Every structure is written in C-alpha cells, then in structure tokens.
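Here are my notes on the model you sent round, set out as numbered points so that each can be checked against the coordinates.

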Amino acid sequence: MVSKLHPDANLFDPPSPYTGKGRPRVKGDRCPKPRQAVAAATTFTRLEVGWYGGGTRTVQALGGTGHWYKAGRGLVPVRGVFVRDTTGTHRDEYFFTTDLDLGPAAAIGHYCGRWNIETTFQERRAELGLETTRGWREKTVVRAAPCLFGLYTVTAILFHARPEAKRTGSVEWPGKTVTTFSDALAAVRRWLWDQALLPQAGDGTTLNKLPDRVRELLLTALAPAA
C-alpha cells in the first residue's frame, strides 16, 4: 500500500529483546517525526520520477523506515518517503509504503499514478451520473454501473476517431492545456446531433434556414449543458 503520511506521524523502533522481567514491550523508542527528520537532513536524493498525467518530474527525496503502531494491532513496518518538487508547482509531500523493498522513486510513481484513476471516476460522476442511481435492487446497480463505464469508453473512442480539426465544442479557461472528458463528451454530442439527429427533424427546412453562425452558436451552447 502507498498513501500519504502525516508530517507529525508517530513511528517507533522495534522493541528491544525481552529480558524475562516484567511485561514484554510491544514497541521500541519513538522515532523522530517525519517533519523533524526532514528538517534535520542535510542531503537529499535527486530523482527522476513518474508524475501526474503520465509525465516525469525531477524531485528531491528522502527516505527512512519505522514502525506504525496501533493498540491491539501490533507493529507495522513502513518506509516513509519525503518528496519536494524542484519546479515549485506542488507542495512538499510525505508518503509511506508497507513494501519495504519499494524504493522512493517507485513509491512516488505509484502514488502519482492514482491520479488518472481518481479523475476518471470523478468525470464519470460529474458527467455521466455514476453512483447517482436510486435503484433498490441489486440487478439495477449491476446493470447501471457497467453501462455507464461502457458509455465512458464509447465516448472516448468516438472522440479519438474524429479528425482533430473537428473535435470542436471544448470549453477553454486560463491555464487549461489538456482535453478533459467534458470536452470529449461535448464534441461527440455535437457530432451526433449535427450528423444524426438534426437531419431527422422534419424535412430539415427550418434548420437549413438557420445561418451557419447561429447553428454553430446553438451547438456550442447546448452540447456542454446537455
């Protein structure tokens, strides 16, 4: 498991060997808190790691090991990783992994790799209504969720099948550099309306009378809001 580590997390050394006197210790001495260990460090390892969005980033990292303790659960060995983005676009972060053989670069890459998964679920909730069904039967959920997952895939395939010059309908804002799922969904809607639905609206006389700029304005305004 790879997840975030609190900067003031309590970590411990293993208990010293039992001497046969008194109650055996379940944990050893307290380790410096992650924040304290970073503050006391004088050297950091410079790494090229996998980053959000599938790219790479140069970071400074510091690793260490300790044991996480919870009453009644015993000690869990963990490897802590501190990462500092050298470009300054992301704040300093603390991570941990329960795999002691996992190096700092791999741990950072695993965590950043979660971003694509998280944004995929967020887009499905926001744009396709995933997890908003109110069915009371198991079969309703079993039918609805896979259909929405399939719709997400079909939308992505149709969008990429379109020529790049015809992938219109995206919403722009300052700093935006990537295509979002909402852009793809709007582009596919425009294409389906323009090529499949609108031509079937009566004899098409009314639509043909619309100036091209008005027709474009209607499609541009309605596609993202549908």
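The points below go from the overall make-up of the chain to the helix contacts and then to two individual residues.

1. Please keep in mind throughout that this is a predicted model. The protein holds 6 helices and 6 strands, and from the N terminus on, these elements follow one another in the order β-β-α-β-β-β-β-α-α-α-α-α. With a radius of gyration of 27 Å, well over the 17 Å that the globule rule gives for 226 residues, the protein is more spread out than a compact globule.

2. The other overall values can be read beside that one. The C-alpha trace spans about 95 × 50 × 25 Å along its principal axes, and buried residues make up 27% of the 226 residues. Of the contacts with a separation of 6 or more, 51% are accounted for by residues 24 or more positions apart.

3. Turning to the helices, H2 covers residues 104-128 and H4 covers residues 181-197, and their axes come within 10 Å of each other and cross at roughly 40 degrees. That angle makes H2 oblique to H4, and the crossing is right-handed. On the H2 side the contact involves Glu123, Glu127 and Leu128, which meet Phe181, Ser182 and Leu185 in H4; these residues divide into 3 nonpolar, 1 polar and 2 charged.

4. Helix H3, residues 138-161, also packs against H4, with axes that come within 9 Å and cross at roughly 70 degrees, which makes H3 roughly perpendicular to H4. Here Tyr152, Thr155, Leu158 and Phe159 in H3 meet Phe181, Ala184, Leu185, Ala187, Val188 and Trp191 in H4. The residues of this contact divide into 9 nonpolar, 1 polar and no charged. Readers following H4 will find Phe181 and Leu185 in its contact with H2 and again in its contact with H3.

5. How do H2 and H3 stand to each other, and at what angle do their axes cross? The axes come within 11 Å and cross at roughly 100 degrees, and the two helices are therefore roughly perpendicular to each other. Thr120, Phe121, Glu123, Arg124 and Leu128 in H2 meet Leu148, Phe149, Leu151 and Tyr152 in H3, a set that divides into 6 nonpolar, 1 polar and 2 charged. Glu123 and Leu128 of H2 thus take part in this contact as well as in the one with H4, while Tyr152 of H3 appears both here and among the residues that meet H4.

6. Is Cys112, a residue of helix H2, buried or exposed? Its relative accessibility is 3%, so Cys112 counts as buried, the cut-off for that class being under 20%. Leaving aside neighbours within four places in sequence, Cys112 is in contact with Gly50, Trp51 and Tyr52. The C-alpha atoms of Cys112 and Trp51 are separated by 5.4 Å, although the two residues are 61 residues apart along the chain.

7. Glu131 can be set beside Cys112, since Glu131 counts as exposed at 57% relative accessibility, whereas Cys112 counts as buried at 3%. Glu131 lies in the loop between H2 and H3. Its C-alpha atom and that of Val141, 10 residues apart along the chain, are separated by 8.8 Å.

Methods. Residues are numbered from 1 along each chain as its sequence is written. This is a predicted model: local features need pLDDT of at least 70, side-chain atom pairs count only at pLDDT 80 or more; totals for chains, interfaces and linings use all residues. Side-chain values use heavy atoms; hydrogens and water are left out. Axes are lines fitted to C-alpha atoms, for helices over the stretch in contact, and angles run from 0 to 180 degrees between N-to-C directions. Helices (H or I, at least four residues) and strands (E, at least two) are DSSP runs, numbered from the N terminus. Angles under 35 degrees count as roughly parallel, over 145 as roughly antiparallel, 65 to 115 as roughly perpendicular and the rest as oblique. A crossing is left-handed if the near helix is turned anticlockwise from the far one by less than a right angle, and right-handed if clockwise. Contact means heavy atoms within 4.5 Å. Ala, Val, Leu, Ile, Met, Phe, Trp, Tyr, Cys and Pro count as nonpolar, Asp, Glu, Lys and Arg as charged, and the others, Gly among them, as polar. The radius of gyration is taken over C-alpha atoms; the globule rule is 2.2 Å times the number of residues to the power 0.38. Buried means under 20% relative accessible area, exposed over 50%, partly exposed in between (1.4 Å probe, protein chains only).
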